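Biologist: I should like to learn how the features of a structural model are read. Could we take them in turn, beginning with the pockets?

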Amino acid sequence: MHDERPLCYPDRMKIVSWNVNGLRSVHNKGLFVPFIEALRPDIVALQETKAQQHESAIQFDDYKEYWNSALKKGYSGTAIFSKIEPVSVELNLSAAITQKYALHADAFGNPNTEGRVITTEYDHFYLVNVYTPNSKGDLARLKLRYEHWDPAFLFHVKQLEKTKPVIFCGDLNVAHTEDDLARPTENEGKHGFTQEEREGLDRVIEAGFVDTFRLFTKGNGHYTWWTHWANARAKNIGWRIDYFFVSASLVPKITSAKIHAAIMGSDHCPISLELDL
C-alpha cells in the first residue's frame with residue numbers, strides 16, 4: 001500500500017482496454033499519446049505490450065504504471081496505467097490457483113511466466129487485466145486453455161468477488177456468439193470460435209458476470225480485431241474478442257461501454273467502460 005494514494009476516488013471513472021500488439025510499435029507510429037489524449041481514461045489496461053517497463057519510452061506524469069512482462073523478450077505481457085493509486089497490485093494467478101488447476105507449461109511455454117494477468121484493487125472494485133492464451137491455429141493450445149486456464153481464471157475472479165465487485169477486461173481470444181464475428185459459419189470450430197472456447201465464456205456468464213458491451217449494443221457488425229489480410233479492417237470483417245465483464249452488482253453503475261474502431265495503431269482497437277460510482 002502506498003501513502004500517496006488519494007483518499008477519495010472520482011465519482012465517474014473511465015477505464016480503457018487495448019491490445020496494442022506491441023506498445024513500442026504503437027508509440028513509434030505516433031499513435032499512443034493521441035489515443036490517451038482522445039479518450040482521457042482514468043485507467044488504461046494494455047495487453048500484448050511485448051516489452052519490459054524499462055524499454056518503454058512513454059512517460060505520463062499523471063499515470064502510475066504497473067507492468068507484468070513476459071520472461072520471453074518481445075512476447076505477450078500486460079500493463080496498467082492508472083491515475084488512481086490502487087490499494088494493492090498482484091501479478092499473475094497465485095501459486096495455489098495454478099496448482100489447483102494444474103496450469104503448467106506446455107510445448108509453447110509456461111502461461112504463468114507470460115505476463116498475462118494483473119489484478120489491481122481499488123476502493124469500490126477489483127480491476128483485472130487479462131491476456132488469455134491463444135489456442136493457436138492448429139488448436140495446439142486449446143487443451144491448456146479449456147481444461148486449465150479458463151477455469152483457473154474464473155476461479156480467481158470469483159474469489160476476488162467474495163471481497164468486493166470485480167471488473168475484468170482484456171483480449172479473451174474468443175468470439176462468444178455468432179454476432180461477435182463477421183463470418184461465423186466459415187470459422188465454426190476454428191481457433192477463437194471453437195465450442196470449448198465459447199463454453200468458457202458461457203461459464204463466465206453463468207457465474208454471474210455481465211458482458212457490458214451487450215448492455216448497450218445488440219447485433220453484429222461490432223468488432224475489436226481484424227486480420228491484416230485482404231483489407232479486412234476497411235471492410236469490417238472482424239471479430240469481437242476484447243471485453244469488459246463486471247460483477248452483476250456493478251451493472252446499475254455502468255453508463256457506457258463502447259468499441260473505438262476508429263483508433264488505429266494495432267490489429268485490435270480500444271474498448272472503454274464508464275462508471276458512475
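Modeller: Rolling a probe the size of a water molecule over the atoms shows where empty space is left. In this predicted model, the largest pocket has a volume of about 460 Å³. Its lining consists of 25 residues, and Tyr 131, Asn 134, Asn 173, His 191 and Trp 225 are the closest to its centre.

Biologist: How many residues in the lining of the largest pocket are nonpolar, polar and charged?

Modeller: The lining of the largest pocket holds seven nonpolar, ten polar and eight charged residues.

Biologist: Which residues lie nearest the centre of the second largest pocket?

Modeller: The second largest pocket encloses about 240 Å³ of space. Its lining has 14 residues, with Arg 183, Glu 186, Thr 227, Ile 237 and Trp 239 nearest the centre. Two elements each give two or more residues to this lining, namely helix H5 (184–187) and helix H8 (232–235). By class, the lining of the second largest pocket has eight nonpolar, three polar and three charged residues.

Biologist: Let us turn to salt bridges. How many salt bridges does the count come to?

Modeller: A pair is counted when a side-chain nitrogen of Lys or Arg lies within 4 Å of a carboxyl oxygen of Asp or Glu. By this rule the model has 17 salt bridges. One of them joins the side chains of Glu 85 and Lys 64, at 3.6 Å from N to O. Glu 85 belongs to the loop between strand E4 (78–82) and strand E5 (88–91), whereas Lys 64 is in strand E3 (residues 64–68), so the pair ties together parts that are 21 residues apart in sequence.

Biologist: Are Glu 85 and Lys 64 buried or exposed?

Modeller: Residues under 20% relative accessible area count as buried and those over 50% as exposed, with partly exposed in between. Glu 85 is buried, at a relative accessible area of 4%, while Lys 64 is partly exposed at 33%.

Biologist: Which parts of the chain does the salt bridge between Asp 106 and Arg 141 tie together?

Modeller: In that salt bridge the closest N and O atoms of Asp 106 and Arg 141 are 2.8 Å apart. Asp 106 lies in the loop between helix H3 (95–100) and strand E6 (117–121), and Arg 141 in the loop between strand E7 (126–131) and helix H4 (142–161); the pair therefore ties together parts that are 35 residues apart in sequence. Asp 106 is partly exposed, with 25% relative accessibility, and Arg 141 is buried, with a relative accessible area of 1%.

Biologist: Where do Glu 188 and Arg 198 lie?

Modeller: The side chains of Glu 188 and Arg 198 form a salt bridge of 3.7 Å, N to O. Glu 188 is in the loop between H5 and helix H6 (195–206) and Arg 198 is in helix H6, so this pair ties together parts that are ten residues apart in sequence. Glu 188 is partly exposed, with a relative accessible area of 45%. Elsewhere, Asp 106, Glu 114, Arg 116 and Arg 141 are joined into one network by salt bridges that share partners.

Biologist: How should one read helix H6, and which of its residues are buried?

Modeller: From its first C-alpha to its last, H6 reaches 16 Å with twelve residues, close to the 16 Å expected at 1.5 Å a residue. The residues Glu 197, Arg 198, Gly 200, Leu 201 and Val 204 of H6 are buried. They cover an arc of only 145° around the axis, which puts them on the same side of H6. Gln 195 and Glu 206, on the other side of H6, are exposed.

Note on methods:
Residues numbered from 1 in each chain as written. Predicted model: local features only at pLDDT ≥ 70, side-chain atom pairs only at ≥ 80, totals over all residues. Heavy atoms only, no water. 1 Å grid on protein atoms, 1.4 Å probe; cavity = no way out; pocket = protein on both sides within 12 Å on 5 of 7 lines; lining within 4 Å. Points joined across faces, edges and corners; volume = space filled by probe spheres on them. Nonpolar A, V, L, I, M, F, W, Y, C, P; charged D, E, K, R; others polar. Helix = DSSP H or I, 4+ residues; strand = E, 2+ residues; numbered from the N terminus. Buried < 20%, exposed > 50% of the residue type's maximum accessible area, 1.4 Å probe, protein only. Expected span 1.5 Å × (residues − 1). Arc of directions from axis to C-beta.
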